[in-house]
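Here is a short note on the charged side-chain pairs. Please read it with the structure open.

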Amino acid sequence: MQSIVPAPDALIGQRFDVAVAKMMGESRTRARDYIDTQQVRLVARSYDRATILQAGDLVEFDIAPVQEQQEPVAQDMAIVFEDDDIVVVDKPVGVAAHASVGWTGPTVLGSLLDRGVHITEYGAPGRQGIVSRLDVGTSGLMLVCKSELAYKEMRRQFSEHEVKKTYHALVQGNLEQDHATIDAPIGRDSARDFRFTITPAGKEAITHWDVLERFGEATLVAVGLETGRTHQIRVHMSSIGHPLVGDPMYGANPQLGQRLGLNRQWLHAMRLEFRHPRTKVWTTVDSTYPPDLSHALAVIRA
């Protein structure tokens, strides 16, 4: 599969092999193999593994296809907005944004392509059209780009934090304040690589929250993100002693989650607000709670 991608701003100044690994979600060893076999190249200038990425660089991917089993499809994934430039889906829990090493379940991208939805070729192989994503265990709204114009503009809007993303989360305990901001950098946990944590060496992360409803043992909040770090809401809320209900990885009481019938963290991407890439009209797309989260709320209210 062949595609050309502008070097991401966040990777400017990094080694070519390190950047390729991050862009593809692969190991550095695999990235070096792609570079050595010229399946990943820099356009219009000489390079090797250690070449430092510069602003304006174009990275060309020409990855040889690998025969794999057919990816399962998320039949229940609703499309809530679509035109010639973008498509916004209501991603169910258990669906990944795109294919990755070790993941054998359905993906947003694969499910859209299976339905015949045209997606731009812009983006790394297997991630075409993807400008932001949700964790497998998080449900809600996710935007995918259908046109080249949309990919470039929405990538810019997300990177410059112009898109307004609102989540609803059920957090453990009774929050003292009605609204507050958490400003704390997030990076990988050195002890457990699959987890993230607050660390001075991490990347800037800013989370705003407002209380919607109180239940004593838990609080429903609306969360706005200025940044989009991996596990940001889960890490930040856990850091103030209020992990998401159903999220034992970050300190939640598993008995409470079990009592509410949860098999994942109570977190849903409720609203996306952005300027349409072509018309420039401010656009708002809303979601509703999926059945498992609605059930958990009904139980705790009762």
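1. E217 is partly exposed, with a relative accessible area of 36%. In this predicted model, E217 forms a salt bridge with R259, and the closest N and O atoms are 2.7 Å apart. The two residues sit in separate elements: R259 belongs to helix 6 (residues 254–259), while E217 is in the loop between strand 11 and strand 12 (218–225), so the salt bridge ties together parts that are 42 residues apart in sequence. R259 is also partly exposed, at 46% relative accessible area.

2. Salt bridges can also share partners. R15, D17, R28 and R32 are joined into one network in this way.

3. A salt bridge also forms between E213 and R301, with 2.7 Å between the closest N and O atoms. This pair connects distant parts of the chain, 88 residues apart: E213 is in strand 11 (residues 206–214) and R301 in helix 7 (residues 291–301). Both ends are partly exposed, E213 at 26% relative accessibility and R301 at 46%.

4. R156 and E153 form a salt bridge through their side chains, at 2.8 Å from N to O. Where do R156 and E153 lie in helix 4 relative to one another? They are 3 residues apart in that helix (residues 148–159), so about one helical turn separates them. R156 is partly exposed, at 29% relative accessible area. E153 has 16% relative accessibility and counts as buried, because buried means under 20%.

5. The pairs described above should be read against the total: a search of the whole structure finds 23 salt bridges.

Notes. Residues are numbered from 1 along each chain as its sequence is written. This is a predicted model: local features need pLDDT of at least 70, side-chain atom pairs count only at pLDDT 80 or more; totals for chains, interfaces and linings use all residues. Side-chain values use heavy atoms; hydrogens and water are left out. A salt bridge is a side-chain nitrogen of Lys or Arg within 4 Å of a carboxyl oxygen of Asp or Glu. Helices (H or I, at least four residues) and strands (E, at least two) are DSSP runs, numbered from the N terminus. Buried means under 20% relative accessible area, exposed over 50%, partly exposed in between (1.4 Å probe, protein chains only).
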